[in-house]
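Please open the structure in the viewer and keep the sequence panel visible. The stops below proceed from one selection to the next.

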Amino acid sequence: MKTNHLLTLSSFFCVGALLLGLPAQAFRGGGRGDAPDSTTDRSGTYRSLHHGSGTFNSSVTRQPGSTTGTTTWTNQNGGQGTHTFDNTSTKTGAGTATGTHQASTTYANGKTSSSQGTWVKTAPGDSTYTGTHTGANGDVTDVSKTTTTSDGVRTVDKTYDNTTTGKTSTVDKTISTNANGSKQVDTTATGPNGKTVASDQTY
């Protein structure tokens, strides 16, 4: 069955934000722990502010200790692209684990980008990720992410060091739960030009 997933491909297209280098799967254990083998297939349409519209097909396979996936898309001009990823996870103790991440993307114009890294879960709610992202323009960026949880507040700090340009960007976020059950997300982002933008969201 085809569905309309407007944001499904956002992570594949937002190279500027380096989302390819920081997949959600990697920070949740990548391999889904001891989950049984399963494959999820999806297809649909997408719309993007900067990348137009088109169709996509994706397949994600989860096994104990690993999660792999492939997504292909065709844009409104008939151009095609492919994104693949491979995340692994190994338990090291109660609430701790280590893992790896690899991903690559081939765009409709023939250019490619890739990311790879390792992550460590030191405690429930606490983890670190270090890796590199090679953009379609050839720039290499060192990526780090630290997640900590204390008194129900989760703090996520991301740093992107572009080794090609020598410029650094950071994104710092705190996530908490209000008394009424709503989520409060406070984000501060500093771009490579030194400008800082802050946002507060409740949902």
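**Strands 3, 4 and 5**

Select Thr72 to begin: this residue stands opposite Thr82 in strand 5. The model is a predicted one, and the tour remains for now with the strands around this pair.

Next, select Asn57, whose bridge partner in strand 4 is Thr72. Thr72 thus serves as a reference point when the view turns from Asn57 to Thr82.

Now extend the selection to residues 52-63 and residues 66-75, which are strand 3 and strand 4. The two strands run antiparallel and are joined by 10 bridges. Which residue in the turn of this hairpin has a positive phi? Select Gly65, where phi is about 90°; 2 residues lie between strand 3 and strand 4.

Add residues 80-93, strand 5, to the view. Strand 4 pairs with strand 5 over 9 bridges, again in the antiparallel sense. Here the hairpin has 4 residues between its strands, and Gly78 in the turn has a positive phi of about 90°.

**The whole chain**

Select residues 1-34 and colour by confidence: pLDDT stays under 50 throughout this segment. The model nevertheless has 90 contacts beyond four places in sequence for these residues.

Finally, display the entire chain, which contains 2 helices and 13 strands. Its mean pLDDT is 85, with 82% of the residues at 70 or more. Of the 203 residues, 33% are buried. With the surface shown, the accessible area comes to about 11200 Å², and carbon and sulfur atoms contribute 50% of it. Among contacts with a separation of 6 or more, 31% link residues 24 or more positions apart.

How values were computed
Residues are numbered from 1 along each chain as its sequence is written. This is a predicted model: local features need pLDDT of at least 70, side-chain atom pairs count only at pLDDT 80 or more; totals for chains, interfaces and linings use all residues. Side-chain values use heavy atoms; hydrogens and water are left out. Buried means under 20% relative accessible area, exposed over 50%, partly exposed in between (1.4 Å probe, protein chains only). Contact means heavy atoms within 4.5 Å. Accessible areas come from the Shrake-Rupley method with a 1.4 Å probe; for residues, only the protein chains shown count as cover. pLDDT is the predictor's confidence in each residue, from 0 to 100. Two strands pair if DSSP finds at least two bridges between them.
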